Every structure is written in structure tokens, then in C-alpha cells.
Amino acid sequence: MEFAELIKTAKVENVQLSCSGLPPIKGTLCITSHHLLLSSQPGGNGEQGTVELWLLIRNVDAVEKRVASSLGTITLKCKDLKVLQLEIPGMEECLNIASSTEALSSVDSVMMMYPFFYRPQSMKLKDGWQLYPLQYFYEQIASETGAWRLSCANGDFTICSSYPPAVIVPATVDDNILKKAARFRQGGRFPVLSYYHKKNRTVMLRSSQPLIGPNRKRCQEDEVLLSAALDGGGRGFIIDTRSAQAAKQARMMGGGTEPTSSYPRWKRLHRPLERGRPLQESFIKLVEACNDTSLSMDRWLSKLESSKWLAHVKGALSTACLAAQCMEREEACVLVHGAEGTDTTLLVTALVQVILDPDCRTLAGFQGLLEREWIEAGHPFHFRCAHSAYSHARLKQEAPIFLLFLDCVWQLGRQFPFSLQFSERLLLVLFEHTYASCYGTFLCNSEKERRLCKVKEKTHSLWAWLNQPSERKKHLNPLYTYNALVIWPSVEPQSLQLWQGLFLRWIRSSQYLEEAWAEIQRLVTSCEDAPEGSAGCTLCHSQPDAAYPLTSAGTTNEG
């Protein structure tokens, strides 16, 4: 396929661009294989026009057109929730631009996407891809205990197509046991180590559901694997992210849960979390409510509640807190799984680590967590982020699971403003790049697919760009103070808020908030540059976060 075949009209003059909060701009619209460009009209004297719009076409979620006589209007609804309007002279030109944009935004071939064509001069292709190897994570664990080993049995992806080539497993379990246990788990996702809690030497594992089936099949190798994870003693909790009824229905279809008779030292807890269509529809309803500026207060609150988005945030944080409490307070091991083990499972295991581990709350540690628990762990980004909240296409496998995770992390940052080294700006950048990016980090559904497409050889890494000194500084939290404590969030209704910085970012101006953050950054920088022994500024003498967030009444709440 040639991109030129999809472009019916490449250039149109006198196009007017309108966007909420900005004055209309008239200029020349150009469409390329990957971008929509609009340059404002030159002012005369040979002056060049200014590029006012540089939109990655992959970011377009829906194209709506309206034609009246000789003027056409195209509304572009983007995956990052921005809405743009183009007024185009000429019916044919309008229809052609709309048709071309729709066709180019629907190209589904990974290797035809922009990351494979993007070549910034300041970066090398190899940069950033090896920043957070699993080997480094394993060596940290190996320095604490010899109970775990790094297995490369999945090096050719034949055991599990959605797992990375290397995984961490109990040292007493050989690769033959892993292969047989994999046949007993959906998609071959046998239990692997997700996190080692140094404080009390407990572990968190993740997997997919066991294939018990209606005949209650058993797998001795799977039982041995989970028994070995308990290191000869202790007990464990299995946190199933489905309801007991859903797990029972899954058993009739060949799946199921671990029976107590076969796993006597493991106690099962059901904490249902929505995924798939219900979560996507919740996202769509929330965005619809946020975009309707004519709503009365009562109607707005009713629509916010009916979207159930904050209920999903509460459920995810509550389940993560339960898993964290099992490890921190009960000193027990935890196994997390749902059905496939690629969605709500990863949501919970990643949140647990942000809550428990201060290293995962640093910029580098958080990037490593995303690499380990989302990208390498096989979250299907290509399927889940194919469309955002505006698409008119019939829902297939779309679901904003990763966005829900980012929202939960934002809630943690709001309740513990000193404890996260990175700012809201990083979370917004991650949201944007999962749906449409010039980098290859979030391409494909698994490491196997990335290897087949040669993503790491032919595209740039998002981490390489984010870690450039000039960019890194933009994403740091100027209030950050290292906090070694566990951060237990409150999940009370009063404590959870709408993430306005994301859901309302294109509806109302954030100018004053950005100016405030810039001033805080300036104060912190000036304080750091102040001579030793000087009074400094009040920001540097503020107290770091406690283990529990402050409620509006000023008291602590464990949540």
C-alpha cells in the first residue's frame, strides 16, 4: 500500500482552524502520509507562514463532516480528547480531506505507522531501549535472596507468546515444570514474580486463570510452582479480579480458579474490576459529560456519577491496597490474576508497587515499572488503544485500562504531593503516547510482536526522549521529597476527584496553573542555588508526606 493512494487532496488554501480557547486561524492546510499541517497566511514582504497545526493523523479518533453549498466543515476529534474544527472552501475539497484523514488514521499495519519513519537528529535508534532490563531488576532481588532465578525458557516465545523472553521464577522450579504449568494457564501465562517486598521478604506473583474446566482438572506442576513461591512455609492470598460468579462461569468454559483442596496454603479473594466494553463505555460517558458545558450543576453531577469512572478508580485503588496490605501487614505472598492476566492483573500489580516501593515513585523507577509491568508483561496496547472516547467504530478490544492506571497514580500524587518525583505532566505525556506517538515504546501487543516488527531496531524509544536533560526537567515534581514509607491512599468518595488536568484540559485554560507550577519550580531552583546556611524558602522546609493522606478535615485516613 502506498500512502499517496489514500490522499485525494494534498493541499487546500484559505482553511480556517478553530479550537476551544484559541482565536480562529486561517491558512494553508496540507495533508501528508502521517500529519495534517496548517500554516498561517504569510504577512507579506516575502515572510514565511507560521505552522499553527502539526497533528499526527494517528491521533485522530473520529472525523465528522458537514457540507453546506460551497463551504464544508470538518470536526476532528482526537484520541488525546482535543477537538479541532476546519472550515474548508469547496465541497469536493472538504469531502476529500475528510476521506483522506479517515483512511490514513485507520491504517492498522504497525510497520506503516509514524515511529518507523521518525528520525530526529538529536537521538540514535539504540538509545533508551536497554535502560530498564529485567536482568537489573533480578539482580536487585538476588542481592536479597537466593530463592529466585531468571529463566530464559521462553526465549523463543513458544511457552507463552505474551510473556517476555526472560521471567523470574522460584529457584527450585526447573524449566520443564514451567512448560507443563504453562499448559494449565490461559495463554500460557504461568505464575511469575512481579515484585519482591524487601521489608518482610514476601512476593507478589501474576498469571492468568488456571484451566480447571468443568471436570476440575489438576496440574501437579502448577501446584508445585505456587508452593515453591511460598518458600517452604507461610501462606498466600490469590486475588482474583473477577467476581465469584464470573469465575464460576469461566470454569464452565474451561477456565476457573484454584481450588482450596489443591492449593491448601492459598486463600482466594474476589475483587471484581471492570475491563473491556464496560470500562470503554464508562470512559466515553465521562468525556461526553466533560464536553457538555451547558449542563447545570445537578445534571453534571448526575452524568459524572452515571459514567462510573470514579467508581472504577476506587475499585482499582482498593484492590491494590488489599494486595499491598496482604504483603505489608499480613506478611503473606500474593498471586494476582483475572482471566487473561493482561489487563486488570497488571493494573493491580503496578499500583501495588507504587504504593509500597519508594523507588517506583521516582522518575526512573516509574519508567522501569511501566516497562516491566505493562510493556514487557504483555498488555495489548495496540488493541486496547486503537480508539479513544470519540470513535464511531464498533468497539472491538478497546479499553482504557492503562489510562485508569494513570488516573490512579494521579490520585496518589494528589493525596501525597511530596512523594512522587514526577509530575502530572508526565502522566499526560504517557496518556498521549499510548494512543498516538512518534516513538515505538507502546507499539504492538507483546514483546514477540515487537521483535517480529523489529521495533527496537527501527524506531526510537520514548524513554530516550523523556530522559534528555531538557525534557526530564519538565516532568519532575518540584515538591518531591524522598519518602520511604508506604503511601496508603484514601478511597473515600470525598478523597477521589475528577482528573481535571486530563479530562478538562482542552475545555478550559490551564494557563494560570502552569504559571503557578513554573513559579514553584523557580522558587525551588533559587533555593537550591542559595548559599549554604541561608534561610532558603518555605517550600524546602515543608514536611514530607506521612504514610496516610490528609483528609479535608486535616485528620489521617488509612483508606
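What follows is a walk through the fold of a predicted model, from the whole chain down to a few single residues.

Start with the big picture. The protein chain carries 19 helices and 14 strands. Of its 559 residues, 54% are buried. Looking at contacts between residues at least 6 apart in sequence, 70% turn out to join residues at least 24 apart.

One sheet makes a handy landmark. It is open and built from 5 strands, in the order β10-β11-β14-β12-β13, with mixed pairing. The edges are taken by β10 (192-197) and β13 (266-270); each has a single partner strand, so one side of each is left without a neighbour in the sheet. On average, neighbouring strands here are turned by 20° against each other, direction ignored. At the β13 end, strand β12 (residues 236-240) pairs with β13 in the parallel sense over 5 bridges. In that pairing, glycine 236 sits opposite tryptophan 266 of β13.

Helices come up against this sheet. Helix α8 lies across β10, β11, β12, β13 and β14, and runs at about 175° to β12. Helix α4 (residues 220-229) has its own set of buried residues: Asp222, Glu223, Leu225, Leu226, Ala228 and Ala229. These pack against β11, β13 and β14, and also against β8 (148-151), β9 (167-170) and α3 (175-182). Just past the end of α4, aspartate 231 takes a positive phi of about 55°.

Back to α8, which also has a helix partner. Helix α8 (residues 309-328) packs with helix α12 (residues 401-415) at an angle of about 75°, the axes being 10 Å apart. The two helices are therefore roughly perpendicular to each other. On the α8 side, the residues involved are Trp309, Leu310, His312, Val313, Ala316 and Leu317, and they meet Leu403, Leu404, Asp407, Cys408, Gln411 and Leu412 of α12. Sorted by class, this contact has 9 nonpolar, 2 polar and 1 charged residues.

Within the sheet, threonine 202 is worth a closer look. This residue belongs to strand β11 (residues 202-206). Threonine 202 is buried, because its relative accessible area is 3%, under the 20% cut-off. Its side chain makes a polar contact of 2.7 Å with the side chain of asparagine 200. Setting aside neighbours within four places in sequence, threonine 202 also touches Tyr195, Tyr196, His197, Met327, Glu331, Ala332 and Cys333.

One of those contacts, glutamate 331, has a backbone quirk of its own. Most residues other than glycine have a negative phi. Glutamate 331, however, has a positive phi near 50°. This residue is found in the loop between α8 and β14 (333-337). Glutamate 331 counts as exposed, since its relative accessible area is 55%, over the 50% cut-off.

Cysteine 444 shows another positive phi in a residue other than glycine, near 70°. It lies in the loop between α13 (424-435) and α14 (447-452). With a relative accessible area of 1%, cysteine 444 is buried, whereas glutamate 331 is exposed.

Elsewhere, strand β7 (residues 83-89) ties several pieces together. Its side chains alternate along the strand: Leu84, Leu86 and Ile88 point to one face and are buried, while Val83, Gln85, Glu87 and Pro89 point to the other face and are not buried. Strand β7 is joined to strand β1 (residues 11-19) by 4 bridges, and the two run antiparallel. Here leucine 17 stands opposite leucine 86 of β7, and leucine 86 is among the buried residues of the strand.

Strand β7 also pairs with strand β6 (residues 71-78), through 7 bridges and again antiparallel. In this pairing, glycine 72 has isoleucine 88 of β7 as its bridge partner; isoleucine 88 likewise points to the buried face. The strands β6 and β7 form a hairpin with 4 residues between them. In the turn, leucine 81 has a positive phi of about 80°.

How values were computed. Residues numbered from 1 in each chain as written. Heavy atoms only, no water. Axes fitted to C-alpha atoms, helices over the stretch in contact; angles between N-to-C directions. Parallel < 35°, antiparallel > 145°, perpendicular 65-115°, else oblique. Contact = heavy atoms within 4.5 Å. Nonpolar A, V, L, I, M, F, W, Y, C, P; charged D, E, K, R; others polar. Buried < 20%, exposed > 50% of the residue type's maximum accessible area, 1.4 Å probe, protein only. Polar contact = N/O pair within 3.5 Å; in protein donor to acceptor, adjacent residues only side chain to side chain. Pairing = 2+ DSSP bridges.
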